Amino acid sequence: MKIIPCLPEHLEEARLIYNYYILNDAALLHEKPFTPEAYRAKYDDIVNKGYPFLAAIDDAGKVMGFAYVSEFRHASAYRLVESTVYVTSDRCRTGAGKMLYDTLFAEAEKNPKIFGIMAIVSGVNKGSLIFHKRYGFEEVGVWRNAAYKFGQVFDVHCLQLQRPFVRK
C-alpha cells in the first residue's frame, strides 16, 4: 500500500468509504450519504485552501482509505485544523490509518499557519479514541450528550495534537 495525494479520480472510492461509515457507524455524525457532487465540493474546498488530502492505494490501484485536514472553524484567526481518517472496514487495525496519519501530519508540519490538529471523536467510537491517544492526541474536552444516531445519545470528545505533529 502506498500513500499519495488524493486525486479527483480517487474521489468516488473515497466517497463510498465515507458513506459506509455514515450509514453503518456512529463514527461519522452525518446521517445522509454524500452525493458525488457534495463530496467533490468538500474535496475542492480542502485542496483549494492548501490542505493535504491523501489516499491509501493498494497494489491494484484501489483506494483503501483516505485522510485529510480541514478548517476547524471558519473564523480567520484560528490556527487549528481538524483531522479525518477512514479506511475500508477490512483495513481497520492493520496500520493503514497510522500510515495515512504519518504522511498527513508530515505534510501539515510544513504549513506554518497550522498550530494544532484537532480530532473530534464520537464517544461510542472507542477504537478511534484509543488510536488518537496512542498517536499523541490529548483530550481537551468532552461535549456531553452532543450527538444522537442509531437511537443512541452519546458524548463527543475533542482531542488536540500540538506541534511537532510528526512523532518518532
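**Note on the aromatic pairs around Phe53**

1. Phe53 is buried, its relative accessible area being 4%. This value, like the others in this note, comes from a predicted model. Buried here stands for a relative accessible area under 20%, and Phe66 also meets that description, with a value of 0%.

2. The count of aromatic pairs in the model comes to 21. One of them joins Tyr43 and Phe53: the ring centres lie 5.2 Å apart and the planes stand at 70°, so this pair is edge-to-face. The cut-off for that label is an angle over 60 degrees. Tyr43 belongs to helix 2 (residues 36-48) and Phe53 to strand 2 (residues 53-57), so that distant parts of the chain, 10 residues apart, are linked by the pair. Tyr43 and Phe53 are both buried.

3. Phe53 also pairs with Phe66. Their ring centres are 6.1 Å apart and their planes meet at 25°, so the pair is stacked; the label applies to planes under 30 degrees apart. Because Phe53 lies in strand 2 and Phe66 in strand 3 (residues 63-71), this contact ties together parts that are 13 residues apart in sequence.

4. Which residues form one aromatic cluster? The cluster consists of Tyr18, Tyr20, Tyr21, Phe34, Tyr39, Tyr43, Phe53, Phe66, Tyr68 and Tyr86. The three residues discussed above, Tyr43, Phe53 and Phe66, are thus among its members.

5. A further point concerns a charge and a ring. The charged end of Arg73 sits over the ring of Phe72, at 4.4 Å from the centre of that ring.

Technical notes:
Residues are numbered from 1 along each chain as its sequence is written. This is a predicted model: local features need pLDDT of at least 70, side-chain atom pairs count only at pLDDT 80 or more; totals for chains, interfaces and linings use all residues. Side-chain values use heavy atoms; hydrogens and water are left out. Rings of Phe, Tyr and Trp (its six-membered ring) pair if their centres lie within 6.5 Å; planes under 30 degrees apart count as stacked, over 60 as edge-to-face and the rest as tilted. Helices (H or I, at least four residues) and strands (E, at least two) are DSSP runs, numbered from the N terminus. Buried means under 20% relative accessible area, exposed over 50%, partly exposed in between (1.4 Å probe, protein chains only). A charge sits over a ring if NZ of Lys or CZ of Arg is within 6 Å of the ring centre and within 35 degrees of the ring normal.
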